[in-house]
Each structure stands twice: as structure tokens, then as C-alpha cells.
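Here are some notes on the model you sent, set out as numbered points. Please read them with the structure open beside you.

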Amino acid sequence: MESCCLPIELCEAVMDALLDYYEPLGRSSGLLESKRTWESQQALCACSLTCRAWRVRAQYLLWTLPHILDSRHLAQFTSAIHKLPEISITGLVLGDQRAYAIKSFDPSTASSLFMHSFHHLQHLLCYGFLFYRGPPLRMLRMRLPFFASITVLQLLDCTFQSARAMLDVVWACPSLATLAISRSTIKSKRSSAAGLLPMSAAVEHLRACRKLTSLYVDAFSLLAIWDRALSVGLRGGGRVFGCAVTTLIFKTDNITGAWNAGVQLCRVTQFLHSLDPTVLDSILWDSFPALRSVTVVSHVDPVFQKSSNRVLSLLHVIALSRPIPGVLKTIILEGKHDLENNSCCKDAVGTSEEVVGSEKRLRELLVGLAELVIRLDECKQPAAHKCAAYIWSVLPWMHDIPFFRTYRIDLSDLSDLSVSGW
Ligand SMILES: [Zn+2]
């Protein structure tokens, strides 16, 4: 291009906007989405080749958040960073949601990358990373400078050798403030409820997760991490993430979305079990003493959502799990409400303020609660009135909560919600 008729400031502002991918799920969470980072990188590459005037800004932005798709990219990247020691990378995306990228990324080649130090690196997203193939665990336990400044870690569709191996990646980041684990699984199925104790002790001993305040985790990953331990009644799994967590977002995934994202058939049964509130109980029970806000997001297709005869609802599980009354201030329950006989509502809030397994009523267990929001996804009128009326009728105490509301939303315009990971 010979010349551009637009002022360079305007062109640079357009290029800056290409880095605007911090918006998954419509939340101000600061999480990345690998599809967006890859598309932005492609666009910025094109910008850098357009003209000299654009190159400086485009290259600066490219080095701000590089997206390394496969082993070939990684080799090019590691060779380039040795020639450019002053680059200021703030984020890094490894892997991609496309299946071919997962297959062509050999994680053992990432060792040389993890030995490098990026002083400004804050955000690491690993997508489809097969950690059991490398790098070696002893390397992750070496407190490498690579992980020292990372504040946001996302592990999406990753596979680890064991639960401890997954935690070694998490614990390698001493500055971690936000952690997202989604659709990740464990190769070795030997984790037991007894294994929780040494891991809870290890997080204390290593002084890990001291700054971890925001945790995003899905039921699918929890089922994989704890595996058989859940069937023998594992509780307190959240302790491995330290005591500082104030915000927990727990998600049961959409089986169709997971299918589209390439999840294997044999893993589908895990989704069916992920609907059970005991999975939420396994991580919440007697964990997260500083928890102030919990959000449960359920994107489950109705065909897989069995009519409830469960003992505990999500709200009762949350209420029973709190080790210190009065700390929890906000509960948000988002889920589909389209079942007969209000069983959708019963799954969410139960049938009364009496709580099975406790002498205390809901109002005593949740003393100090300031906000309760129940989102009725895809709930048609007048069913929405019926659901809202049922919730109000079984929770009369909720009238005393400063902020209590139910509202409905049509997700058909937001289909991306169900397929995007964290
Ligand atoms: Zn309902």
C-alpha cells in the first residue's frame, strides 16, 4: 500500500481493538478465548505486512500476546525470543481448540520455552495441552521464573498424568490470582479420597495459591480429577486451591457444545454425572473459608436433565458447605428452567428452607447473604411466572435478603455461550 488516507492514530486504534478478546461468556473476567486470539493474530500479521507505517504497532501488539499453535510455531518462537531479549510479552496462548493443532503440538518441546523468563508475562492459556507427555514434572516443581509473574492461568481441554500433576502446574505459579480449569482430564485413574489429605497439606507446605482469589472450574474436570474418590464420598476437594478464593464460578457444561468442541464419546458419560449436585458439594464442602460469591452455571440440554429426585438442591449444597457463617454474600444460579412440575426449580433451590443433614434452616446457614440471583434460562412465559412463583413460595425468607431476584433469558441469541470454554 503506497499511502493510507486515514490518520495513523486511527489505524493504530483499529489495530489495538484487535486485542480486545477479554470477553468470554460476556463476563468481565479477564479470561482469554483461544479462537479469538488466533484470529486476532492472523489479522495483526496481515497488518504488519500492509505498509511500513502499520508495521511498528502491529508487531508490538503481536509480541504482546503471541498465540503458538503447534510445535513448528513453538520452534520459530523460541528461536525468535533469543534474538529479541527485550520483548514485553504479557500473555501467551499455547495450543488451540482445533483437533489437528492438539495432535501436532508436542508438549515435550515446551521445556525450552518454560526455561525462558518473561518478566511481564501475566496470562497463560494452555489449550488441548497433553501435559502427561511433557514437560517433566520435576521441572515444574523447580519454581521456574517463567511462572513467577503469571496471575491468570487457563487450562482448557488439557490432559494430565494425575491430579497431583495438574496441581503442580497450578502451584508452579506463586502469583496466581485467577485460575480456570475446563474440560480437562486425568490419564491415571488412581486418585482417592485419601489422596486429598497429602495434597491439602502440600498446598500449605508449598505456600501455593496464597493469592488465588478467583476460581473457574467445571464439573467435568472435577469428575476427572477426583474420579473414584467421588463415588466414595470425597468432600473438601477445594482445599487444594488454597484458602484465599473469594469468587467461585462452577459450570456444568452443555453436552452438545462439548461434542462440537471435539470431546470423545467415552467422556460423554462424565457429563451426565456432572449434573449431580454432589460434584459441587465435593469441591465446596469445608473449603474456601473466604468465599464471598458463588455462581453456578448449568448449560445442560433438557434431554439429559433428568427429573429430580435428588436429596439436595444446589442452594442447599452451598448453604451446608460453608465453614464460617456470614462470609458468603452472593449466590447466582443460572440454569435452564423448562421442566414439568417445577423440578427445574427444585434442583436449584429445593422444596423448603429445611435442609437435609442440618438442624439449622436455610436462613441460619446463609446468614449475612446480601444477594441471591436465579436466572431462568430459556424459560417461556407463562412458565417463567410459574417458576418464579414457586421459588418465592418455598423461600419466604428470601424476602429479607437485600437483593433477591429471578429473571429469564433467551439463550438462542447467545449460542456461543454454550460452546465456549473458559
Ligand atoms: Zn423452574
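1. The sheet as a whole. In this predicted model, 11 strands form an open sheet, and their order across it is 1-2-3-4-6-8-9-10-11-12-13, with parallel pairing. The edges are taken by strand 1 (67-68) and strand 13, each of which has a single partner strand, so one side of each is left without a neighbour in the sheet.

2. The approach to strand 1. Pro-66 sits in the loop between helix 3 (52-64) and strand 1. Is this proline buried or exposed? With a relative accessible area of 6%, which is under the 20% cut-off, Pro-66 is buried. Leaving aside residues up to four places away in sequence, Pro-66 touches Gln-41, Phe-77, Ile-89, Gly-91, Leu-92 and Val-93. Of these contacts, Val-93 may be worth displaying, as the C-alpha atoms of Pro-66 and Val-93 are 6.4 Å apart in space while the two residues are 27 residues apart in sequence.

3. Strand 8 and its two partners. All 5 of the 5 residues of strand 8 (residues 214-218) are buried, so this strand is largely enclosed by the rest of the structure. In a regular strand the side chains alternate between the two faces of the sheet. Here Ser-214, Tyr-216 and Asp-218 point one way from strand 8, whereas Leu-215 and Val-217 point the other way, and all of them are buried. Strand 8 pairs with strand 6 (residues 178-182) in the parallel sense over 4 bridges, and Leu-179 has Leu-215 of strand 8 as its bridge partner. The pairing of strand 8 with strand 9 is also parallel and runs over 5 bridges; there, Ser-214 has Thr-247 in strand 9 as its bridge partner.

4. Strand 10 and its surroundings. Which residues of strand 10 are buried on each of its faces? Ser-293, Thr-295 and Val-297 are buried on one side, and Val-294, Val-296 and Ser-298 are buried on the other, so that both faces of the strand are covered. Put as a count, 6 of the 6 residues of strand 10 are buried. Strand 9 (residues 247-252) is joined to strand 10 by 6 bridges, and the two run parallel, while strand 10 and strand 11 pair in the parallel sense over 5 bridges. Val-296 can be followed into both neighbours, since Phe-250 stands opposite Val-296 in strand 10, and the bridge partner of Val-296 in strand 11 is Leu-333.

5. Strand 11 and the helix across it. Helix 16 (residues 314-321) lies across strand 10 (293-298), strand 11 (330-336) and strand 12, and runs at about 155 degrees to strand 11. Thr-330 belongs to strand 11, and with a relative accessibility of 14% this threonine counts as buried. Not counting residues up to four places away in sequence, Thr-330 touches Arg-292, Ser-293, Val-294, Leu-369 and Glu-371.

6. Strands 12 and 13. Strand 12 (residues 371-377) and strand 13 (residues 403-409) run parallel and are joined by 7 bridges. Between them the chain passes through helix 19 (residues 383-394), and this β-α-β crossover from strand 12 to strand 13 is right-handed. Glu-371, already named as a contact of Thr-330, stands opposite Phe-403 in strand 13, and Leu-372 has Phe-404 of strand 13 as its bridge partner.

7. Helix 10 and its two sides. In helix 10 (residues 196-205), the buried residues are Leu-196, Met-199, Ser-200, Ala-202 and Val-203. Why do these residues line one face of the helix? Seen down the axis of helix 10, the buried residues fall within an arc of 160 degrees, so they line one face. These buried residues pack against helix 9 (163-171) and helix 11 (219-226). The face turned away from the buried side carries Leu-197, Pro-198 and His-205, which are exposed. Just after helix 10, Arg-207 takes a positive phi of about 55 degrees, and the backbone there can be inspected together with the helix.

Notes:
Residues are numbered from 1 along each chain as its sequence is written. This is a predicted model: local features need pLDDT of at least 70, side-chain atom pairs count only at pLDDT 80 or more; totals for chains, interfaces and linings use all residues. Side-chain values use heavy atoms; hydrogens and water are left out. Buried means under 20% relative accessible area, exposed over 50%, partly exposed in between (1.4 Å probe, protein chains only). The arc is that of the directions from the helix axis to the C-beta atoms. Contact means heavy atoms within 4.5 Å. Two strands pair if DSSP finds at least two bridges between them. A crossover is right-handed if, with the strands pointing away from the viewer, the path from the first strand over the helix to the second runs clockwise. Axes are lines fitted to C-alpha atoms, for helices over the stretch in contact, and angles run from 0 to 180 degrees between N-to-C directions.
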